[in-house]
Amino acid sequence: RNSPDHRTDVIDWLGRPASRTSLRRRPFPPRTTMRTTSLALGLLWTAAASAWAPSASFGRRHHRPSASTSMSASSGDSIEFAKYEGLGNDFILIDDRSRADPSLTPEQSERLCNRNFCIGADGVIFALAPPEGDDAYDFTMRIYNSDGSEPEMCGNGIRCLAQFLKDLGEDTESYRINTLAGPIVPVMNADGTVTVDMGEPILKGADVPTTLEPNAESDSVVEQTLECNGKEWKVSAVSMGNPHAIIFVDDLEADIDFASDGPALEADPAFPAKTNVEFVQVMSPTHLKMKVWERGAGPTLACGTGTCALVVAAIRAGKIPRPEAEGVEGRVRVTLPGGDLFIEWRESNNRVYMSGPATLSFSGKAMIK
């Protein structure tokens with residue numbers, strides 16, 4: 001995902017960096033059906049929860065109380081949460097719409113993400129109040145990775161946030177979200193998917209940031225040579241508000257040692273803020289296949305910002321043509337381990353649009369230990 005300071009030395013049984021526990025205090029909307037199981041850690045969870053009815057008292061857009069800056073939850077407190085996933089990239093969602101800051105610390109979030117001893121997730125996402133006095137936004141998004149580090153943004157995560165807000169009763173066609181990567185606008189589609197205007201890609205190498213020598217227009221980096229982990233790579237650098245190193249290979253299974261090359265490239269000095277790493281195989285002019293090693297999370301089943309970045313990189317490197325049509329006909333299909341995302345890099349405004357699912361897995365209550 002997107003944060004410079006993290007560990008990748010401990011990998012859990014799903015092949016993801018291990019972490020620990022945590023939770024939060026604010027009440028969650030009641031569910032029409034709930035089945036709970038008490039765990040040793042004090043975690044109560046509702047499996048396969050597809051129906052819970054948000055309370056009518058929960059704020060609608062422009063009708064919420066002033067944001068609180070109260071302290072984070074502490075040991076012994078209980079917290080309500082909802083678990084969402086976007087193509088298997090899974091997140092714990094916390095309703096902090098009455099707060100300006102997250103109700104959990106990075107350390108509590110890290111423990112909460114542990115797949116052996118708590119809920120388990122790639123990160124914790126907080127739905128926060130918009131900046132005080134700023135009418136340009138409806139909500140603020142903050143996210144802590146499974147190692148406790150904080151990314152600028154997360155493409156799959158913001159789709160999950162949009163679905164979470166809708167399920168909470170904030171039912172509208174689109175949301176104006178304040179993120180550390182700038183304003184992001186997810187749009188709810190009639191087919192149940194979410195389309196997100198991810199903004200313009202950042203191509204200037206120094207702004208990604210990378211120290212790789214620029215070799216293309218606008219001081220950008222396109223398939224520049226990088227020696228790492230005893231191998232020579234051709235790396236393209238793109239930022240979608242967070243850094244990405246994109247590498248094209250002939251065969252995703254045969255050409256890389258994912259568990260070794262991924263973390264080595266992520267922490268290479270050529271990327272001073274560390275980087276997300278995408279390995280990409282071209283399947284056809286409109287179909288790409290990828291594996292991702294995320295900064296702050298390690299191997300995940302999907303990465304929204306990475307998918308956007310690799311489509312931009314593929315077009316700029318001449319791997320695929322830039323679609324002339326706009327809308328559905330202009331999309332490039334990207335197959336990730338968790339499923340497909342559809343990306344459009346629109347020539348008329350230079351903005352990138354990502355479309356894909358966001359699904360509620362279950363909701364529940366946990367106690368902070």
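This report describes the confidence, aromatic contacts, two helices and nonpolar cores of a predicted protein model.

## Confidence of the model

The protein chain has an average pLDDT of 85, and 81% of the residues score at least 70. Over residues 3–65, however, the pLDDT is below 50, although this stretch still has 213 contacts in the model beyond near neighbours in sequence. Where pLDDT is low, the predicted coordinates should not be read in detail.

## Aromatic pairs

The structure contains 7 aromatic pairs. One of them joins F81 and F362 in an edge-to-face arrangement, with 6.1 Å centre to centre and 85° between the planes. Because F81 belongs to strand β3 (residues 78–86) and F362 to strand β19 (residues 359–367), this pair ties together parts that are 281 residues apart in sequence. Both partners are covered: F81 is buried, with a relative accessible area of 0%, and F362 is buried as well, with a relative accessible area of 15%.

A further edge-to-face pair is formed by F258 and W293, whose centres are 5.7 Å apart and whose planes make an angle of 70°. Here F258 lies in helix α3 (residues 258–266) and W293 in strand β14 (residues 287–294), so the pair ties together parts that are 35 residues apart in sequence. W293 is buried, with a relative accessible area of 4%. F258 and W293 also belong, with W233 and F279, to one aromatic cluster.

## Charges over rings

The ring of F258, besides its aromatic partner W293, has the charged end of K291 sitting over it, 5.6 Å from the ring centre. An arginine is placed in a comparable way elsewhere in the chain, where R322 lies over the face of W345, at 3.7 Å from the ring centre.

## Helices α2 and α4

Helix α2 (residues 155–167) has 13 residues and reaches 19 Å from its first C-alpha to its last, which is close to the 18 Å expected at 1.5 Å a residue. The helix is mostly covered, in that 11 of its 13 residues are buried; among them are N156, R159 and Q163, together with I158, L161, F164 and L165. After α2 comes G169, whose phi is positive, near 110°.

Helix α4 (residues 304–316) likewise has 13 residues and a reach of 19 Å between its first and last C-alpha, close to the expected 18 Å. In α4, 12 of the 13 residues are buried, including T305, T307, C308, L310, V311, V312 and I315. Just after this helix, G318 takes a positive phi of about 75°.

## Nonpolar cores

The largest nonpolar core has 56 residues, and within it L161 and L288 touch the most other members. Helix α4 supplies the largest share of this core, with 8 residues. L161 is also one of the buried residues of α2, while L288 falls within the residue range of strand β14 (residues 287–294).

Leaving aside neighbours within four places in sequence, L288 is in contact with L310, V311 and A314, each of which is among the buried residues of α4. Other contacts of L288 include V280, Q281, V282 and M283, as well as I320, V332, R333, V334 and T335. A second, separate core of 20 residues includes L212, L226, A245 and V249.

How values were computed
Residues numbered from 1 in each chain as written. Predicted model: local features only at pLDDT ≥ 70, side-chain atom pairs only at ≥ 80, totals over all residues. Heavy atoms only, no water. pLDDT = per-residue confidence, 0-100. Contact = heavy atoms within 4.5 Å. Phe/Tyr/Trp six-rings, centres within 6.5 Å; stacked < 30°, edge-to-face > 60°. Helix = DSSP H or I, 4+ residues; strand = E, 2+ residues; numbered from the N terminus. Buried < 20%, exposed > 50% of the residue type's maximum accessible area, 1.4 Å probe, protein only. Lys NZ or Arg CZ within 6 Å of the ring centre and 35° of its normal. Expected span 1.5 Å × (residues − 1). Core = buried A, V, L, I, M, F, W, Y, C linked by side-chain atoms within 4.5 Å.
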